[in-house]
Amino acid sequence: MTQLMKIYHRLCLTGIGAMMASALVAQNPFVQTRYTADPAPMVKGDTLYVYADVDEPGADFFWMYQWRVYSTTDMVNWTDHGEQAGLNTFTWADDRAWATQCIERNGRYYWYVCAHSKLSGGMAIGVAVADSPLGPFKDALGKPLYDDGKWDNIDPTVLVDGDEAYLVWGNPEIHQARLNADMVSFASPVTLVDQTEESFGAPSPAKRVKGTKYRDLYTEGPWLHKRGKNYYMLYAAGGVPEHLAYSMSRKPMGPWTYKGTIMPQLNATNSFTNHCGLAHFKGHDYFFYHTGNLPGGGGFARSMAVEEFTYNDDGTIPTIMPTREGVKPVGTLDPYRRVEAETIADSRGLTTEQHHRTGVYVTDIHQGDWLKVAQVDMGDTSPRSITLSVASASQGGTVLVYADSIGGKPVAELSITPTGGWEEWQTVSANLSVALTGIHPIFFTFKGQKGRKLLNMDWWRMEK
């Protein structure tokens, strides 16, 4: 996390910052612990997963090395499952872990990625496979699925439609092909989509006339989607800066009809790129995109966001505007089980780390940082106590637990003493000072020696 971000975050619990933090209801960006981009949602049962690439703090280009997975069951609390694939997953890749999409077919999960190929010197499309949405993922081929040495092999999107599957990618051309049932080989030649003014707002790049103002320009980041009898191709458009647009068809490989802008290019996104994905989850339709709206964010430090929308009666997609409020919850969180500390609705000043024994945990905790968990359902009987799993190699600190807002009297106060190391975990417990029933947001705030890392936090649980 950059020093600018840390300074900003420290302000959240001082003076006016404390009141602002207490009143905070924003859900966007929905991951605050690191910069994430190019969200690719996938629904499995009662869980929505988002596969994301990661912007490195302080980068001056899209220098990206890992892909992470986040999940939610309620659309407001998001669990960080850590790095589930990276450049080291693919022996042929050496740089630029860019946009991806994961999809299930016949009980297996296929994660299509793009990365710089050290075999050809261009960008290439690869695929990893796993038996779970959370991996472990391994390179399905040991080589790229598609690698012709060119630079436009980026941003793969995949659709399974009955017995057929389709893969689409590219900037500034749109590549497409049918996949075999094994999902790791092509059932058809790779062809270029013929872009026209009618299909994408402008002709294919080679046919564009310099100086001509077209209705729109396909740029990159395609997202192939089906709803009912309609097929949708969503994409970043207009060149740089980008907005989000789409085309529709009655067939998965076209012909396409340009339908217009979904999300205009706005200063509100604070990013000159954008990348979207759609998901239907628990009866709601969601539109994922990215902004640069975390502290210290921007075009090379992006952050994922989500909005709910309703299709028009004719199947078209309405204009969707970015908001800080995000979406409403579609579930609650049970506090009477182990809740991973990296399950977060909002936070300031924190990041996450992962260890082969512990898994993912919250770290970089300093004086004034805080973590919010939303929709915590205590039920009809108040919990008696709360337990935390923590580690500290320094002087430890204090964890103050609040309900509803930060400030006033905490519902619990836990003193953390040194545990002997940053990976030496101990549990600490404290009784609640007030009765809590029903649904509340819960805040964890941290106090200790100013300027020092205080502790790591792995999980928490309330006891009846």
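This passage describes the pairing of one strand and the backbone geometry of four loop residues in a predicted model.

The model is predicted, and local features were accepted at pLDDT of at least 70, side-chain atom pairs at pLDDT 80 or more, while totals for chains, interfaces and linings use all residues. Residues are numbered from 1 along each chain as its sequence is written, and side-chain values rest on heavy atoms, with hydrogens and water left out.

Strand β32 spans residues 455-463; helices (H or I, at least four residues) and strands (E, at least two) are DSSP runs numbered from the N terminus. Of the 9 residues in β32, 7 are buried, where buried denotes under 20% relative accessible area, exposed over 50%, and partly exposed the range in between (1.4 Å probe, protein chains only). Strand β32 is thus described as mostly covered.

Pairing was assigned where DSSP finds at least two bridges between two strands. Strand β27 (residues 385-392) pairs with β32 in the antiparallel sense over 7 bridges. Within β32, Trp-460 stands opposite Leu-388. Strand β21 (residues 339-340) also runs antiparallel to β32 and is joined to it by 2 bridges. Trp-460 of β32 is the bridge partner of Val-339. A further antiparallel arrangement links β25 (residues 359-365) to β32, again through 2 bridges. In this case Val-362 has Met-457 of β32 as its bridge partner.

Most residues other than glycine have a negative phi, and most peptide bonds are trans. Departures from both patterns occur in loops of the model, as set out below for two prolines and two other residues.

The peptide bond from Asn-171 to Pro-172 is cis, its omega lying near 5°. Pro-172 belongs to the loop that connects β11 (164-169) and β12 (175-179). A cis peptide bond is also present from Gly-254 to Pro-255, with omega near 10°. The loop between β16 (243-249) and β17 (257-263) contains Pro-255.

Positive phi values were computed for Met-75, near 75°, and for Arg-96, near 65°; neither residue is glycine. Met-75 is placed in the loop between β3 (66-72) and β4 (78-86), and Met-75 is buried at a relative accessible area of 1%. Arg-96 occupies the loop between β5 (93-95) and β6 (101-105). With a relative accessible area of 15%, Arg-96 is likewise buried.
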